[in-house]
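Work through the exercises below with the sequence and the structure open. Each task is followed by a solution in steps.

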There are 2 protein chains.
Amino acid sequence: MQSSREAGSGKRTLHQSVYDVIIEGIQSRKWGERERLPSVRQLAEEMQVHRLTVLKAYQRLQDEGVVVSKYKSGYFVAPASQGTAGVNLKEQAWIYPAKSQYIHRSRLSDIHRIPVDYQMSEALINPNLLPNAFLSNHVKQVFDMYPRVLSTYSSVKGDPELREELTQYFMQKQGISLHPEELMITTGSQQAIDLISRALVKSGDTILIERPTYSPAIDVFVQQNVKLVPVEITPMGYDLNRLEQLMRDEKPSLFYMNPTFQNPTGYTVPVPQRKQLVELAERYACVLVEDEVYHDMYFGAMPPAPMFYYDTEGYVIHIRSFSKYVAPGLRISVLAARPEMMQAIVPVKALSDNGTPLLTQKIFQQYFFSSRLQNHVAKLRTALELRKEKMEALLAPTGWKWSSPGGGLNLWVQLPEPLSADALLQRCLQASVAFVPGRICDPLDAMDSWIRLSYSFIPEDRMEEGVGRLIAAAHREDIGWGI
Amino acid sequence: MQSSREAGSGKRTLHQSVYDVIIEGIQSRKWGERERLPSVRQLAEEMQVHRLTVLKAYQRLQDEGVVVSKYKSGYFVAPASQGTAGVNLKEQAWIYPAKSQYIHRSRLSDIHRIPVDYQMSEALINPNLLPNAFLSNHVKQVFDMYPRVLSTYSSVKGDPELREELTQYFMQKQGISLHPEELMITTGSQQAIDLISRALVKSGDTILIERPTYSPAIDVFVQQNVKLVPVEITPMGYDLNRLEQLMRDEKPSLFYMNPTFQNPTGYTVPVPQRKQLVELAERYACVLVEDEVYHDMYFGAMPPAPMFYYDTEGYVIHIRSFSKYVAPGLRISVLAARPEMMQAIVPVKALSDNGTPLLTQKIFQQYFFSSRLQNHVAKLRTALELRKEKMEALLAPTGWKWSSPGGGLNLWVQLPEPLSADALLQRCLQASVAFVPGRICDPLDAMDSWIRLSYSFIPEDRMEEGVGRLIAAAHREDIGWGI
């Protein structure tokens, strides 16, 4: 899916043709094992395509283990032992040894890198649903208003004007009182999680994490050498007695959670639990990191107030993704924390990148608070709800189980026994269909009978075919089918 | 200097007036110790200024220890023991205990946060020297060319088109052959250093670092719990015999260096040493991280080829700052590494922020390779050289010692005994003059008779007065003057 994530794409067919030509050449033994393949320039000239198109084809073939690249020498047909002309999902061994033990590879991105036609693994908004032209015009105004925006660094915490406007937004929309100094602008929520883990967690700490959860968060915490203790999440929230027991016995330093339209399940922690959770956090000195990534993507009723709203002692850190729904390319997220926490996080942000680029902050500030944009978000909610309903209708005949979410971008679906999500994925990738297998979202690396299907990114006119192929793959009898 | 680093500034005088009003109120005991100060809103209405202006004044007073803020309650006069109406440079204790032991505070930014009129501590280009209007026009074209640039994520390594163009640039300008997969776009060089330290260094490793060096690099490595071993740098480069001995005995995993117009000294490691260093790196399996931050800011002859040029075994990682000279607000830097290293760094970038925002990359790509921009860079070199010469002429009567740099943004000046740079800085800040004291750049925390003076950021018409005040402060007799 690499190509559709980049600007100026639409070269899908060309890139596929180049890919096919190389595959055919290898299968027909035109180029034998370990033999040098035509250079990018050469093939581009022969096929009359841009060199980037050839490069993309080679990169895909390299990802799939069909070709290998050698420095300064170009691309070669892979040795027969190394790969097949299929998809290779296995973890590649690190060549550089020093750090291999403790940098965990982001497993989700391995799946996203595989190009497919029916993309239900990316929990992203389809660009067709975004107000592209409107935004471009807005952006041009930013340069008139801030002629020096490109010559200027942001402060580490982020632009003070933007943070000031955000405090007003939080007050008006959620009744949350914040000082601008309690807000930090981060480059996406991913960075917020990473900063928090670096600032507040030390090696050997115990961390509570939902099961299942947002998989890159697992990667971030694993990297810090912590003990990850799972907390089961259900459509009714958590088992609070069990949670209190864990806090008492395990003395976790923090609990990373996704309490609203949870990723991947879509479950929402109910209000009474939210209040009790904050009390537990205070009692056991456990920081609650609430990643409110889908808060504004509700379908019917607005979701309950964030945990941050109930916090009086400063034990909750709130991560909010705003740009995701309007201009994901900006990568603007907000981290809200009371001064004591913030004071620990700021130096880590300074060391990480010394502040998010000012330009993207000013663009965000310019359009986000406009009524036009808020109208867009309302329309987007409707569009997403319709997509969700369509996918649910397509899945209805299967008898598979899921809990219909009140917001967010995903369905969390339980497959019937003995179907394995991993085996199903391998089969689906052959049919150009991608989704996220449950194991990736599970800190215990199990949940192999669950899958996450995103309805937000796949073009609407491909959804029927994509889900159809998924169901067909699940009904094939050859479960032992070998990759 | 906070205010001049932000867009839409120019409120210096207003902010200063508010600051003065509060200081006078405290001095006249209108507001006593621990007493509540007027709210931001109240003071803004009284003084008919924007609330941000009041906020800035309060923030400055807070930084200086004159006022304290309390969550949900506003600002209060600090207890007498806590601060004085002067500048307080002392490290503040962390309130949040968990991580205080091993997150090192970025010391340089403590100095930059102090607002002064004569700013010679920031090694930045003055925005007047940048082609602001030209860039704004260019940027508008980016949205026409890439209408979905705001809806699209970058890949983790950075936009493939930009990396492709950069390989051509490296080939044409430096004769360095690179594959786009060997390049990563980072959010500033700061992020590149941080990613490398996280990917390639583990707790307990030994790291070689120049003495003196770029101070945030010290902070990054200290955070990783490494043993920092200093390598003295002189106008003639390093003592290679000593360096080989260190590599043999200490078995460092990497050497962080700044070999061209070094920050802070301006020294350049000569060609023969570069070749030998690469051989040493290979022999002792020590990665050379060359941070070529000032490479393109040469005054006379072009600097020698980077170490990366001589590397055949993949032991050199090259960090290059490009946007710094043309649009620092974009925060675009490039990390070049051979595939083995790159493979270790990519997952850390994925966890850190999942890729630099696409927009800033596309803007950079759009203008950087234009001849107009390359002409700008040539003019900028001349402007900086003239500033350097002016500062040297102003310092000439003092008899202080420095080695005139062939490029870069700084003079590294040795003060006469017994003058202490720290004491001089305290005195200068009172006269609204800032520079970087040598101790901050020294991994051994000494070098108190050296200062770094940047000629790149101070408005040209303030340089004479600024240097004059610096010299006057150095000639005052009361060295024991107490803060």
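The model is predicted.

**Exercise 1. Find the bridge partner of A:Ile319 in β10(A), then place β9(A) among its neighbouring strands.**

Step 1. In β10(A), A:Ile319 has A:Leu335 as its bridge partner.

Step 2. Strand β10 of chain A covers residues 332-336, and its pairing with β9(A) is antiparallel, over 4 bridges.

Step 3. Turn to strand β8 of chain A, residues 287-292: this strand runs parallel to β9(A), and 5 bridges join the two. Here A:Asp291 is the residue whose bridge partner in β9(A) is A:Ile319.

Step 4. A:Ile319 therefore has a bridge partner in β8(A), A:Asp291, and another in β10(A), A:Leu335.

**Exercise 2. Decide how many of the 6 residues of β9(A) are buried, and which way they point.**

Step 1. Strand β9 of chain A spans residues 316-321.

Step 2. Sort the side chains by direction. A:Val316, A:His318 and A:Arg320 point one way, while A:Ile317, A:Ile319 and A:Ser321 point the other way.

Step 3. Check burial on each side: all of these residues are buried. The count is 6 of 6, and the strand is mostly covered.

**Exercise 3. State how many disulfides there are over all chains, and classify A:Cys286 and B:Cys441 as buried or exposed.**

Step 1. A disulfide is a covalent bond between the sulfur atoms of two cysteines. The cut-off for the sulfur pair is within 2.5 Å.

Step 2. Applied over all chains, this rule gives 0 disulfides.

Step 3. A:Cys286 has 0% relative accessibility, so this cysteine counts as buried. B:Cys441, at 3%, also counts as buried.

**Exercise 4. Locate the cis peptide bonds at A:Pro212 and B:Pro418.**

Step 1. Most peptide bonds are trans.

Step 2. The bond joining A:Arg211 and A:Pro212 is cis, with omega about -5°. A:Pro212 sits in the loop between β5 (206-211) and α8 (215-223) of chain A.

Step 3. In chain B, the bond from B:Glu417 to B:Pro418 is cis, with omega near -5°. The loop holding B:Pro418 lies between β12 (410-414) and α15 (421-430) of chain B.

**Exercise 5. For A:Met447 and B:Asp445, give phi and decide whether each is buried or partly exposed.**

Step 1. Most residues other than glycine have a negative phi.

Step 2. A:Met447 has a positive phi of about 55°, in the loop between β14 (436-437) and β15 (450-454) of chain A. Its relative accessibility is 14%, so A:Met447 counts as buried.

Step 3. B:Asp445 has a positive phi of about 65°, in the loop between α16 (438-441) and β15 (450-454) of chain B. Its relative accessibility is 37%, so B:Asp445 counts as partly exposed.

Definitions and conventions: Residues numbered from 1 in each chain as written. Chains lettered and ligands numbered in written order. Predicted model: local features only at pLDDT ≥ 70, side-chain atom pairs only at ≥ 80, totals over all residues. Heavy atoms only, no water. Buried < 20%, exposed > 50% of the residue type's maximum accessible area, 1.4 Å probe, protein only. Pairing = 2+ DSSP bridges.
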